[in-house]
Amino acid sequence: MQIPFMRLDRQFANHRQEFMDAVETVFTHGKVLQAQEVADLEALVGDFFAMPHAVAVGSGTDALILAMKALGLKPGGRVAVTSLSFVASASAIVHAGGVPVFVDIEDDYFMAREDVLLDLVQSGKVDGVVAVHLYGQMTELSEIHAEAKKRGVFVIEDAAQALGATRHGIAPGAHSDCTCVSFDPTKVIGAQGSGGLALAREHHIAEHLRRLRYHGHAGQRVYTEIGHNSQLPTVQAAIINAKLKHEEEWRLRRLAIAGAFTETLQRMPHIRPPKVRQGNTHIYHKYAMTVKQGRDALALHLKNRGIGSSVHYSMPLHEQPCFAGNHELAGDMSVVKKATQHLLSLPIYPELTDSEVNYICESLKAFQG
Ligand SMILES: Cc1ncc(COP(=O)(O)O)c(C=O)c1O
C-alpha cells in the first residue's frame with residue numbers, strides 16, 4: 001500500500017465538479033483580481049473567526065508581514081516568536097524590518113513558553129508578539145493580551161495551522177490586533193497554490209492592510225506609502241470558498257483519524273501521541289507524535305511500508321542560517337532542541353480511507369523501537 005504524506009489529487013478527484021465550476025465562473029467573468037469572490041471569501045472567513053475585518057492576500061507569510069507593518073513595527077523593533085514553527089513565522093518579522101526574539105517551548109504542546117512571553121512583554125524587551133498556534137491547537141494568550149495592552153505591545157496570532165481550532169469555544173483572534181491565516185495547499189483549507197488572509201479588529205488597521213497589499217494605493221491612483229503587490233487571485237478565492245463548505249466534514253474526519261492513531265499509540269510506551277490542552281479543540285492540521293527512541297528508524301520503517309511521514313520541525317528556528325546574526329534568544333532553548341530530535345508527523349487528511357488508517361496503525365504497532 002502506498003500512502004503519501006499529502007494527497008491533493010484525491011481531494012480534486014472527490015470534488016472535481018465543484019472546483020471546476022469555481023474556476024469556470026472566474027475565467028468566464030474575467031475579473032481575475034479583486035472580484036466578488038475575493039470579497040465573498042473575506043466575508044466568509046471573517047464570520048468564521050467572528051472578526052469584523054478580513055483582508056485576503058497572496059500568502060500567510062504576506063499576511064504576517066503586512067500585519068506587522070500595519071501595526072507600526074519600527075526598524076529594529078523586537079518581536080517575540082517561538083523557535084518551533086515554519087520558518088515564515090519568524091522570517092516575516094525580518095521582512096517587516098524587525099528582529100525575532102526566539103522563545104523556547106514547553107514540552108506538552110510544543111508552543112512558546114507563556115511565562116517567557118509574559119516576561120518579555122512585562123519587561124519592555126519586545127515591541128510585539130507573534131503567537132503561533134501549532135499543529136492545529138491554540139496557545140493560551142489571556143495574560144499576554146492583558147499585559148500587552150497595558151504596554152502598547154502588539155499581538156499577532158499566527159493561525160496558519162489553526163483554521164477551525166478553538167480555545168474555550170473561541171476561535172483565534174478575538175483579542176489580538178491581527179490574526180493571520182494561510183491557504184497554503186498543505187493547510188486544512190488550501191488554495192490550489194498560495195493564499196493567505198489577515199484578520200483585524202480595528203477598521204483603520206484593515207484599511208492599512210488593504211493599502212499595503214496593493215502598492216500603498218489610497219485610491220484615485222495616489223500611493224501614500226511603499227506597499228506590496230500581494231493580491232489573492234480571484235480563482236484561488238473561488239476555490240477556497242468551495243473548500244470552506246467542507247470545513248466541518250473534513251475537520252470531523254481528521255478528528256476520527258487522529259482518534260485511531262492516538263488509540264494505537266496509547267498502547268506503545270515509546271511513542272507519545274499529541275496532547276490536547278484542556279479547553280482546546282484540536283483540528284490536527286498535523287499529527288505530530290513524540291518518538292522517545294528511534295524517530296528516524298520509525299520514519300524508515302514506515303517508508304519501507306509505503307507510508308510517508310515528515311518532521312515538523314527538524315531544526316529550531318534560531319539555528320536556521322537565515323537568522324544568523326539577526327536574532328535574540330530568550331532562554332537556553334533546550335526544550336526546542338530536544339523536540340526537533342523526537343517529533344514525527346503521520347499523514348492525516350480527510351481522504352485517507354479506513355483501510356489506509358488501519359494499515360498505518362498496524363504498521364506503527366509492528367515497529368519494534
Ligand atoms: C505556522 C505557519 N506560519 C506561517 C506560514 C506561512 O504561510 P504561507 O505558506 O501561506 O505563506 C505557515 C505555512 O505555510 C505556517 O505553518
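Reader: What makes this a protein of two domains, and where do their bounds lie?

Author: In this predicted model, the protein is divided into domain 1 (8-244) and domain 2 (247-365). These bounds come from an automatic or database domain assignment. The C-alpha centres of domain 1 and domain 2 lie 23 Å apart. Their contact takes 41 residues from domain 1 and 36 residues from domain 2.

Reader: Which elements give two or more residues to the side of domain 1 that touches domain 2, and which gives the most?

Author: The elements are helix H1 (8-29), E2, H4, E3, helix H5 (114-122) and strand E6 (166-167). E3 gives the most, with five residues. The residues on this side of domain 1 divide into 22 nonpolar, eleven polar and eight charged.

Reader: Why are helices H3 and H7 called oblique to each other?

Author: The axes of helix H3 (residues 60-70) and helix H7 (residues 203-213) cross at roughly 125°. Angles over 145 degrees count as roughly antiparallel and those of 65 to 115 as roughly perpendicular, and the rest, once angles under 35 are set aside as roughly parallel, count as oblique. The value of roughly 125° falls in none of the named ranges, and H3 and H7 are therefore oblique to each other. The crossing of H3 and H7 is right-handed.

Reader: How do you know that H3 and H7 meet, and which residues take part?

Author: The axes of H3 and H7 come within 9 Å. For residues, contact requires C-beta atoms, placed from the backbone, within 7 Å. By that criterion Leu66, Ala67, Lys69 and Ala70 in H3 meet Ile205, His208, Leu209, Leu212 and Arg213 in H7. By class, the contact of H3 with H7 has six nonpolar, one polar and two charged residues.

Reader: What makes strands E1 and E12 the edge strands of their sheet?

Author: The sheet is open and has eight strands in the order E1-E8-E7-E5-E4-E2-E3-E12, with mixed pairing. Strand E1 (53-57) and strand E12 (328-330) each pair on one side only. Neighbouring strands of this sheet are turned by 25° against each other on average, direction ignored.

Reader: How do you know that E2 and E4 pair, and in which sense do they run?

Author: Pairing requires at least two bridges. Three bridges join strand E2 (residues 78-82) to strand E4 (residues 128-132), and these strands run parallel; the criterion is therefore met. Ala80 stands opposite Val129 in E4. Helix H4 (residues 88-95) lies across E2, strand E3 (99-103), E4 and strand E5 (154-158), and runs at about 170° to E2.

Reader: Why is one side of E9 and of E13 left without a neighbour in the sheet?

Author: Three strands form an open sheet in the order E9-E11-E13, with antiparallel pairing. Strand E9 (271-272) and strand E13 (343-346) stand at the edges, each with a single partner strand, so one side of each has no neighbour in the sheet. E9 and strand E11 (residues 287-291) pair in the antiparallel sense over two bridges, and Arg272 stands opposite Thr290 in E11.

Reader: What is notable in the backbone at Tyr284 and Tyr313?

Author: Phi of Tyr284 is near 50°, a positive value in a residue other than glycine. Tyr284 lies in the loop between strand E10 (280-281) and E11. A cis peptide bond joins His312 and Tyr313, with omega about 15°. Tyr313 is found in the loop between helix H10 (295-304) and E12.

Notes: Residues numbered from 1 in each chain as written. Predicted model: local features only at pLDDT ≥ 70, side-chain atom pairs only at ≥ 80, totals over all residues. Helix = DSSP H or I, 4+ residues; strand = E, 2+ residues; numbered from the N terminus. Axes fitted to C-alpha atoms, helices over the stretch in contact; angles between N-to-C directions. Left-handed = near helix turned anticlockwise from the far one by under 90°. Contact = placed C-beta atoms within 7 Å. Nonpolar A, V, L, I, M, F, W, Y, C, P; charged D, E, K, R; others polar.
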